[in-house]
Amino acid sequence: MSETRNEIPPAQTIIEILNHIIFRHPSLAHMAATVAFNAGDPELATVAQNYLRAHRAWRHEKSGFFHQHVVPYATYAPWLRDAPFMGVYDKVKAHTLVDIYRCHELWTLAKQAARVDGDILEVGVWRGGTGALLAAAAKASGKRVYLADTFQGVVKAGEKDTNYVGGEHADTSIDVVRGLLAELGLDNVQLLQGIFPEETQGSVAGGIALLHCDVDVYASARDVVEWAFPRLAVGSVLVFDDYGFHGCEGVTTFCEELRGDDRFLFVHNLNGHAVFVRIA
Ligand SMILES: C[S@@+](CC[C@H](N)C(=O)[O-])C[C@H]1O[C@@H](n2cnc3c(N)ncnc32)[C@H](O)[C@@H]1O
C-alpha cells in the first residue's frame with residue numbers, strides 16, 4: 001500500500017476543490033471575502049470580491065430560482081458612526097444569526113416606525129438578538145414590541161421549502177431571551193411563546209407599524225402576513241428575513257407572490273431582506 005498522507009494535490013485540483021466548495025456553499029465564499037477584508041489587504045479583498053462577482057450563476061435544483069453571489073460596490077457604512085446602534089449590536093451579536101447590515105436596517109426601520117400608528121412585532125426570535133435590537137431602537141417611541149417564537153424551533157415546513165424540515169433553531173429558550181432583555185434593561189417587550197398566530201395572537205392588541213418576519217418557511221410567513229393584513233396602517237413596513245438565501249426558497253416564493261399585491265411598494269434589499277411598505 002502506498003503512502004499518500006503527505007502528498008500535496010496539484011494547484012489545479014485545489015482550485016477545483018475550492019470552486020466546488022464555493023459553488024455548493026456560497027456563504028463560504030462570502031466568508032473568504034470577509035477574511036480578505038479583515039486581513040486589511042485591499043488588493044486581496046478586491047481580488048476576492050471580483051472572484052465572487054465573476055463566479056457563475058446557478059439555478060436552485062428544486063425551486064428553479066437563479067442565484068449569483070451578490071457583492072455590492074458601495075462601501076458607505078453608516079452603522080460604524082452610529083454609536084447607539086453599535087453599543088446594542090455588540091451586546092446582541094452573539095444572540096443572532098442576522099448580519100450587521102440587516103441588523104442596522106432593522107434598527108433604522110424601528111426608529112422610523114415612531115411615525116406610523118401601531119406596535120412592533122417580530123415573529124422568529126430564536127435567542128433574541130434582532131428582537132432586542134428592535135426593542136432598544138423603539139424604546140423612545142413608547143411602542144410595545146412583541147417577540148413571538150415557539151422557542152422549540154421552526155414549524156410548518158412544507159413542500160415549498162427546500163431545506164427546512166421543521167425543528168431547526170430549537171437551541172434556545174424563552175429564558176435566554178429574557179436574560180438578554182434584562183441585560184439591556186428593556187421593559188417594552190412582551191414575549192409570546194407558541195406558534196404564531198394560532199397560539200399567541202390573542203396577546204397582540206392593536207395595529208402593527210413594523211413586522212419583522214424571520215420564520216424561515218413559506219407557510220409560517222403566509223400565515224403571519226394573513227394575520228397582519230387588517231392590522232397594517234398605511235406607511236407600515238413588513239421586513240422578511242431569508243429573502244433570496246439559498247435554502248430559504250419558501251420565503252422567497254412567498255415574497256414573490258406578495259409582490260403582486262399593489263397595496264405595497266416592494267424593495268429588494270440586496271442584503272437578504274425583502275421590504276414591503278403599505279401604501280393603500
Ligand atoms: C432563524 S430563527 C430567527 C432568528 C432571529 N431573528 C435572530 O435574531 O437570529 C427562526 C425562528 O422562527 C421561529 N418560528 C418559525 N415559525 C414560527 C411560527 N409560526 N411561530 C413562532 N415561531 C416561529 C423558530 O422557532 C425559530 O426560532
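Here is a short chat about the predicted model shown above.

Reader: What ground rules apply here?
Author: Numbering runs from 1 along each chain as its sequence is written. As this is a predicted model, local features need pLDDT of at least 70 and side-chain atom pairs count only at pLDDT 80 or more, while totals for chains, interfaces and linings use all residues.

Reader: How many helices and strands does the protein chain have?
Author: Elements here are DSSP runs numbered from the N terminus: helices are H or I with at least four residues, strands are E with at least two. On that count, the protein chain comes to nine helices and nine strands.

Reader: What is the strand order in the open sheet of seven strands?
Author: Strands pair if DSSP finds at least two bridges between them. The pairing in this sheet is mixed, and β5 (189–193) and β8 (264–269) are the edge strands, each pairing on one side only. The order is β5-β4-β3-β6-β7-β9-β8.

Reader: Which residue is the bridge partner of His212 in β7?
Author: Strand β6 (residues 208–213) pairs with strand β7 (residues 232–240) in the parallel sense, over five bridges. The partner of His212 in β7 is Val239.

Reader: What angle does the direction of α6 make with that of β3?
Author: Axes are lines fitted to C-alpha atoms, for helices over the stretch in contact, and angles run from 0 to 180 degrees between N-to-C directions. Contact means C-beta atoms, placed from the backbone, within 7 Å. Helix α6 packs on the sheet and touches β3 (119–123), β4, β5 and β6. Its direction and that of β3 make about 175°.

Reader: How many of the residues of α6 are buried?
Author: Buried means 20 or more other C-beta atoms within 10 Å of a residue's own, exposed means 12 or fewer, and partly exposed is in between, with C-beta atoms placed from the backbone. The buried residues of α6 include Gly129, Thr130 and Leu133. The tally is 10 of its 10 residues.

Reader: Why does Ala135 count as buried?
Author: Ala135 sits in helix α6. Leaving aside neighbours within four places in sequence, its contacts are Val145, Leu181, Leu186, Asn188 and Val189. Ala135 counts as buried because its C-beta neighbours inside 10 Å number 27.

Reader: Which element gives the most to the largest nonpolar core?
Author: Such a core is a set of buried Ala, Val, Leu, Ile, Met, Phe, Trp, Tyr and Cys residues joined through C-beta atoms within 7 Å. This one has 65 residues, and Ala110, Leu133 and Ala221 touch the most other members. With seven residues, the top contributor is α6.

Reader: Which elements give two or more residues to the shell around the ligand?
Author: A residue is near a molecule if its C-beta atom, placed from the backbone, lies within 6 Å of it. The ligand is surrounded by 22 residues, the closest being Thr96, Gly124, Gly129, Thr130 and Val215. The elements giving two or more are α6 (129–138) and β4 (145–149).

Reader: Is Tyr243 buried or exposed?
Author: Tyr243 lies in the loop between β7 and α9 (249–258). Leaving aside neighbours within four places in sequence, Tyr243 is in contact with Val251, Thr252, Cys255, Gly272, His273 and Ala274. With 21 other C-beta atoms within 10 Å, Tyr243 is buried.

Terms used:
Two residues are in contact if their C-beta atoms, placed from the backbone, lie within 7 Å.
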